[in-house]
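Here are some short exercises to work through with the model open beside you. Try each task before reading its solution.

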Amino acid sequence: MTHVNEPFSQALFDGISAEATVGYLGIVTPDGYPRVVPVNFATIGTQVYFHGAAHGEKHGVLAGGPRVTVAIVVPYAMIPSYWRSPDYACPATQYYKSILIRGRGAIVHEPDEKATALQALMEKHQPEGGFGRLDSADPLYRKGIDDVAIFRIDPDRIDIRTKFGENLTRETRLRIIEKLRECNQGRDADTTLEMEKRLDATRESKEPK
């Protein structure tokens with residue numbers, strides 16, 4: 001096992017879900033096929049909200065209150081194999097944080113909850129503002145809130161996983177941190193911070209063969 005199963009905390013859940021702009025909704029369509037639907041989402045507590053059309057396949061499936069999954073992934077640095085071995089490809093890996101939610105899908109009908117969900121979506125995806133607060137009683141928004149479909153996922157189980165080289169020896173992790181600092185591209189700096197936080201929090205492990 002190269003990832004870590006993190007104990008649930010609301011702060012960790014909120015941090016990962018706030019950073020991820022897209023979640024992946026897993027449903028089973030009426031013809032029996034699994035389908036993964038990318039959705040822009042927001043969370044309130046541990047519930048997941050997203051919006052869509054008030055018709056179509058997704059609406060029809062979720063109207064029945066089915067079992068669903070939601071996968072949320074925040075990618076960090078890609079670690080090339082040659083940082084650990086000049087010829088062996090297997091050490092290549094991706095560091096990440098992720099949430100997997102198993103739960104029930106539902107369609108939100110209550111106008112105030114719809115407005116609250118839409119407000120959360122706007123605050124997340126347009127954090128700079130530039131819009132009036134969504135209120136189901138506001139004539140500006142009343143028709144739009146009535147017309148749009150709001151979907152909610154109520155979790156039964158939440159699994160949070162991270163991967164930042166915790167299975168490696170301290171010496172190897174320090175070497176990867178040094179390489180990340182040298183490259184300093186993309187999410188290398190963020191990955192370095194996450195690895196440093198975990199250096200003294202995880203037990204020394206034997207290097208995998």
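**Exercise 1. Compare the span of helix H3 with the expected one, then find which of its residues are buried and what covers them.**

Step 1: Helix H3 covers residues 111-125, 15 residues in all. Helices here are DSSP runs of H or I with at least four residues, strands are runs of E with at least two, and both are numbered from the N terminus.

Step 2: From its first C-alpha to its last, H3 reaches 21 Å, close to the 21 Å expected at 1.5 Å a residue. The expected span is 1.5 Å times one less than the number of residues.

Step 3: The buried residues in H3 are Lys114, Ala115, Ala117, Leu118, Gln119, Ala120 and Leu121. Buried means under 20% relative accessible area, exposed over 50%, and partly exposed in between, using a 1.4 Å probe and protein chains only.

Step 4: The cover over these buried residues includes strands S3 (34-40), S4 (42-44), S5 (47-52), S7 (93-108) and S8 (149-163), together with helix H4 (139-147).

Step 5: At the start of H3, a side-chain oxygen of Glu110 comes to within 3.1 Å of the backbone nitrogen of Asp112.

A note on the model before going on: it is predicted, so local features need pLDDT of at least 70 and side-chain atom pairs count only at pLDDT 80 or more, while totals for chains, interfaces and linings use all residues. Residues are numbered from 1 along each chain as its sequence is written, and side-chain values use heavy atoms, with hydrogens and water left out.

**Exercise 2. Describe the surroundings of Asp159 in strand S8.**

Step 1: The side chains of Asp159 and Arg157 are joined by a polar contact of 3.0 Å. Such a contact is a pair of N or O atoms within 3.5 Å; within protein, one must be able to donate a hydrogen and the other to accept it, and residues adjacent in sequence count only if both atoms are side-chain atoms.

Step 2: Leaving aside residues up to four places away in sequence, Asp159 touches Ser98, Ile99, Leu100 and Arg102, where contact means heavy atoms within 4.5 Å.

**Exercise 3. How many salt bridges does the structure hold, and what does the pair Glu57 and Arg35 link?**

Step 1: The count is 15 salt bridges, each a side-chain nitrogen of Lys or Arg within 4 Å of a carboxyl oxygen of Asp or Glu.

Step 2: Glu57 and Arg35 meet at 2.3 Å, N to O. This pair links distant parts of the chain, with Glu57 in helix H2 (residues 57-62) and Arg35 in strand S3, 22 residues apart.

Step 3: Both ends are partly exposed: Glu57 has a relative accessible area of 37%, and Arg35 has 35%.

Step 4: Another salt bridge joins Arg181 and Glu196, with the closest N and O atoms 2.1 Å apart. Here Arg181 lies in helix H5 (residues 170-183) and Glu196 in helix H6 (residues 188-199), 15 residues apart.

**Exercise 4. Classify the ring pair of Phe8 and Phe13.**

Step 1: The whole structure has 4 aromatic pairs. Rings of Phe, Tyr and Trp (its six-membered ring) pair if their centres lie within 6.5 Å; planes under 30 degrees apart count as stacked, over 60 as edge-to-face and the rest as tilted.

Step 2: Phe8 and Phe13 have ring centres 5.9 Å apart and planes at 50 degrees, so the pair is tilted.

Step 3: Phe13 is buried at 0% relative accessibility, whereas Phe8 is partly exposed at 42%.
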